[in-house]
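Got your viewer open? Here's a short tour, going from the whole chain down to a single residue.

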Amino acid sequence: MLFRSTKGPHKVGLRALLDAAGLNGKTIDSYHIGFMVAPRINAAGRMSTPDIATRLLLASDESMADEARLLAEQLEAENTRRRQEDQDILAKAKKIVETDPEVGSRTVLVVAGEGWHRGVIGIVASKLVDAFYRPAIVLSIEDGVAHGSCRSITGFDMLACLESCAPLMTRFGGHKAAAGLQIDASRIKEFRQAVNDHADGCLSPDDLRPSLWLDGPLALNDISDQVMAEFARLAPFGPGNPRPKFHTGPVSLVDGPRLLKERHLKMTLKQNNRILRAIQWNAAEHNDRLVAKKDGVEIAYTVEENEFQGNRYVELRLEDFR
């Protein structure tokens with residue numbers, strides 16, 4: 001569903017939140033909710049107290065507009081702090097995976113750090129899965145106790161894995177894809193071994209190779225207004241209803257890639273006489289590959305409409321390239 005205005009008794013707080021996120025006046029879709037609005041709301045509970053978000057979203061009177069603006073600014077600050085924390089911890093976790101064979105050579109990545117912020121270790125675990133395509137468990141150690149957050153891959157039951165070594169933990173819970181746990185820090189090495197003993201019996205090397213399922217070919221010239229309207233009818237998109245993924249090639253880079261916020265890649269692609277903007281999220285490490293070969297690139301992508309200064313345009317979101 002797309003909407004341009006906020007309605008209902010609690011629109012004061014929502015309007016302030018959208019304004020802080022730079023979304024007021026824009027057409028809002030599931031992407032903006034999932035990746036721009038929700039992280040700001042979640043940041044309150046991750047970094048300090050969920051009361052900030054609760055008070056903001058329950059603001060129901062125009063006389064509360066100033067208070068709502070201040071609360072939205074607090075959420076913005078907490079979300080900025082959340083991003084910095086998860087980036088710092090992710091960098092440390094990746095270094096452990098890449099330099100410590102006791103961690104990086106195993107089927108399940110179990111990394112631990114003293115004082116890592118517990119509010120973001122779940123995000124870090126998800127990003128480790130994205131980076132290495134292996135189940136990941138991130139542990140934050142405080143006063144001899146480790147609190148952990150787990151994320152899995154397709155075909156691996158994380159909860160069953162934890163159940164297989166339950167005596168090692170103080171407590172745990174979750175489901176196939178994600179879980180949490182608490183364990184005495186002195187038992188982390190033993191826990192890492194037990195987790196991997198279980199995983200090695202469940203997963204083969206082929207299971208640790210990521211697969212990208214594509215819906216079919218779609219040339220850039222075939223992305224018409226009618227096709228975009230048909231995509232819009234499939235919304236809202238999310239985990240249970242992912243955006244259709246297509247592939248095409250060869251395409252050429254006529255501009256970029258350019259680094260965006262030191263993490264993402266923006267570029268302009270051309271195929272025959274069609275030129276479109278494209279972005280690949282969290283792909284800064286692929287910059288040199290694209291710079292080295294700008295022609296004859298095959299891309300896997302989703303397509304969406306974007307908006308800038310009131311103008312709407314088609315943009316590709318790259319899933320992968322070769």
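Before you colour anything, one cut-off: a residue is called buried when its relative accessible area is under 20%, using a 1.4 Å probe and counting protein chains only. By that test, 42% of the 322 residues in the protein chain are buried. Keep in mind that this is a predicted model.

**Stop one: the whole chain.** Switch to cartoon view and you should find 10 helices and 11 strands. The radius of gyration is 22 Å, close to the 20 Å the globule rule gives for 322 residues, so the chain is as compact as a globular protein of that length. Align to the principal axes and the C-alpha atoms fill a box of roughly 60 × 60 × 30 Å. Now turn on contacts: of those with a separation of 6 or more, 60% are between residues 24 or more positions apart.

**Stop two: surface and charge.** Show the surface: the protein chain exposes about 17,100 Å², and carbon and sulfur atoms supply 50% of that. Next, colour the charged side chains, 42 positive and 44 negative. The centres of the two sets lie 3 Å apart.

**Stop three: Val-251.** Select strand β7, residues 246-260, and pick out Val-251 within it. Is Val-251 buried or exposed? Its relative accessible area is 1%, so Val-251 counts as buried. What does Val-251 touch, leaving aside neighbours within four places in sequence? Select Leu-220, then Leu-269, Lys-270 and Gln-271, and finally Lys-294, Asp-295, Gly-296, Val-297 and Ile-299.

**Last stop: a distance.** Draw a line from the C-alpha of Val-251 to that of Ser-152, 99 residues away along the chain, and it should read 34 Å.

Notes
Residues numbered from 1 in each chain as written. Predicted model: local features only at pLDDT ≥ 70, side-chain atom pairs only at ≥ 80, totals over all residues. Heavy atoms only, no water. Helix = DSSP H or I, 4+ residues; strand = E, 2+ residues; numbered from the N terminus. Rg over C-alpha atoms; globule rule 2.2 N^0.38 Å. Buried < 20%, exposed > 50% of the residue type's maximum accessible area, 1.4 Å probe, protein only. Contact = heavy atoms within 4.5 Å. Areas by Shrake-Rupley, 256 points an atom, 1.4 Å probe, with all protein chains shown as cover. Lys, Arg positive; Asp, Glu negative; His and termini not counted. Charge placed at Lys NZ, Arg CZ, Asp CG, Glu CD.
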